[in-house]
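Dear colleague,

I am passing on the structure below, together with some notes on what came out of going through it. Please read the notes with the coordinates open beside you.

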Amino acid sequence: MSKTAILEIDGKKYEFPLVEGTENEVAIDIKSLRSDTNGVTTLDPGYKNTGSCESAITFLNGEEGILRYRGYAIEDLAEKADFLEVAYLLIFGELPTKDELIKFHNDIKAQSHVDEDVKRIIDGFPKSAHPMGVLSSLTSALVAFNPSSVNVDSEEEMYNAIVKIMAKFPVLTAWAYRKRVGLPLDYGDDSLGYVENFLKMMFKKPNGDYIPKQVIVDALDKLLILHADHEQNCSTSTVRIVGSSHAGLFVSISAGIAALWGPLHGGANQAVIEMLEAIKEDGGDTKKYMAKAKDKDDPFRLMGFGHRVYKNFDPRAKIIKRSADSVLDDLGIDDPVLNIAKGLEKEALEDPYFVDRKLYPNVDFYSGIIYRSLGIPVEMFTPMFALGRLPGWIAQWREMRLRKEPIGRPRQIYIGETLRDFKPVEKR
Ligand code: CMC
């Protein structure tokens, strides 16, 4: 007999089925709650206890620090796969064969141009504009240049839309940066790998070539893999909910970029390095900042610490920390903020405030240190996160449309005024 949950309201019992995932996660299926109970709803701010969908893309166990894409351990993928392979895996469900991978890359290359008129849009932004705002706007603007909406029942149309955004997004990301630093917009070189070409599009000077060191390409590839999906986080939920109104892929991703920008989400990587810099400037007194983080009257939080789901450790942070050490070593860089980061981590891991609340370093704690050593400026850290997360957003959008999910539309409990009489302005 299938398992059920019983809910009792005012002495009346209601029965709801339990849903079990392939990794034995259990949820109470409350789809019929409102109709069964005559309008009772659930209240769960921040959706801390609410599953919004069933998904076959990413498995995450926060208690045990497990992260898997389509069943593959993140540790394995970070070590053995490249970013484009992982993107294919996330989006289409299986690792590509050699031929499929070559075709995927060739199809992306064939779409890696952006309409020349996009350059005029970029010209309209002030140089000081944050690249996340520029990127979100440009991704949305892509719709104007690719107006036909995707018929999601056509595999071919879906594939073409996916290839287009995978191709154009790195161009827009690099251009958002080049505009900021006053470099002419550049297309890089399509004979290079996806990540290598992205680096070239970012850093090639008009009067010289740019050949990235292999250690830089490998480190960036790994970082992008680690960021590629993270199930129903804030930006991914945004992409799914925007797409659930049948808004297109590009504009749904543009909304995801906006959600990622915030310092509690992807924007944390920029906030971490700014925090570490501030601590360094202030004499490197980590204890002072630990005290601030614990003081409830002080809004300061230890950026790069804590996670909604991971309550043991963030497996991505473990990989990134090791990678930070080896990249800095390989490049011969001695970054003083790395020592401050290590010091803060050590203190936090021994401090009852952080231990009791299960606050561990997250993916963003060490990523900024690597980005910086690769020559990526601080305001580009969150766009790098967006570039990594792109395949995850696409995969989740595709899954949501293929599963024909209903429009996302949460309920609320109204706590405002009850009905009152309107007073004309002269009587108020
Ligand atoms: N520094 C100090 N205290 C913290 C921190 C922190 N970084 N994070 C959580 N806490 C405390 C918080 O004050 C609360 O204490 P109390 O129970 O006494 O009120 C408790 O820990 C639980 O925190 P919460 O805010 O209820 O937890 P949440 O699940 O809503 O928030 C979080 C998760 C990631 C937003 C939060 O930990 C945070 O703000 N961290 C810093 C920002 C950050 O690093 N974000 C990146 C997340 S990973 C990448 C990504 O998702 O993009």
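In this predicted model, three short stretches of chain make an open sheet of 3 strands, in the order β4-β5-β6 and with antiparallel pairing. The edges of that sheet are taken by β4 (58–61) and β6 (72–73), each of which has a single partner strand, so one side of each is left without a neighbour in the sheet. Between β4 and β5 (residues 66–69), which run antiparallel, there are 4 bridges, and within this part of the sheet Leu60 stands opposite Leu67 in β5.

There is another open sheet of 3 strands, with the order β1-β2-β3 and again an antiparallel pairing. Here β1 and β3 (26–28) stand at the edges with a single partner strand each, so that one side of each is left without a neighbour in the sheet. On average, and with direction ignored, neighbouring strands of this sheet are turned by 30 degrees against each other. Strand β1 (residues 4–9) is joined by 6 bridges to strand β2 (residues 12–20), and the two run antiparallel. Two of the partners can be named, since Leu7 has Tyr14 in β2 as its bridge partner, while Glu8 has Lys13 in β2. The hairpin of β1 and β2 has 2 residues between the strands, and in this hairpin Asp10 takes a positive phi near 50 degrees.

That leads to the backbone angles elsewhere, where the general expectation is that most residues other than glycine have a negative phi. Asn38, although not a glycine, has a positive phi of about 65 degrees; Asn38 is found in the loop between α1 (33–37) and β4, and with a relative accessible area of 75% Asn38 is exposed. Glu231 is likewise not a glycine and has a positive phi of about 40 degrees. Glu231 lies in the loop between α9 (214–227) and α10 (234–243), and its relative accessibility of 22% makes Glu231 count as partly exposed, given that buried means under 20% and exposed over 50%.

Turning to the helices, how are α15 and α17 placed with respect to each other? Helix α15 (residues 336–350) packs with helix α17 (residues 363–373) at an angle of about 170 degrees, and their axes are 11 Å apart. Since angles over 145 degrees count as roughly antiparallel, α15 and α17 are therefore roughly antiparallel to each other. From α15, the residues that take part are Val337, Leu338, Ala341, Lys342, Leu344 and Glu345, and they meet Phe365, Tyr366, Ile369 and Arg372 in α17. Sorted by class, this contact of α15 with α17 has 7 nonpolar and 3 charged residues, and no polar ones.

Helix α15 also appears in the surroundings of helix α13 (residues 286–294), as part of what covers the buried residues of α13, together with α12 (268–281) and α16 (352–356) among others. The buried residues of α13 are Thr286, Tyr289, Met290 and Ala293. Seen down the axis of α13, these buried residues fall within an arc of 105 degrees, so they line one face of the helix. This can be set beside the general rule that an α-helix has 3.6 residues a turn, so residues three or four places apart point the same way.

Two buried residues remain to be described, and they touch each other. Leu374 lies in the loop between α17 and α18 (381–402) and is buried, with a relative accessible area of 4%. If residues up to four places away in sequence are not counted, Leu374 touches Phe203, Ile216, Ala219, Leu220, Val327 and Leu331. Of these, Leu331 is 43 residues from Leu374 in sequence, and the two are 8.7 Å apart in space, C-alpha to C-alpha.

Ile216 lies in helix α9 and, at 10% relative accessibility, counts as buried. Leaving aside neighbours within four places in sequence, Ile216 is in contact with Leu199, Leu331 and Leu374. As for the β4 strand described at the start, Ile216 and Leu60 are 156 residues apart in sequence and 28 Å apart in space, C-alpha to C-alpha.

With best regards

Notes
Residues numbered from 1 in each chain as written. Predicted model: local features only at pLDDT ≥ 70, side-chain atom pairs only at ≥ 80, totals over all residues. Heavy atoms only, no water. Axes fitted to C-alpha atoms, helices over the stretch in contact; angles between N-to-C directions. Parallel < 35°, antiparallel > 145°, perpendicular 65-115°, else oblique. Contact = heavy atoms within 4.5 Å. Nonpolar A, V, L, I, M, F, W, Y, C, P; charged D, E, K, R; others polar. Buried < 20%, exposed > 50% of the residue type's maximum accessible area, 1.4 Å probe, protein only. Pairing = 2+ DSSP bridges. Arc of directions from axis to C-beta.
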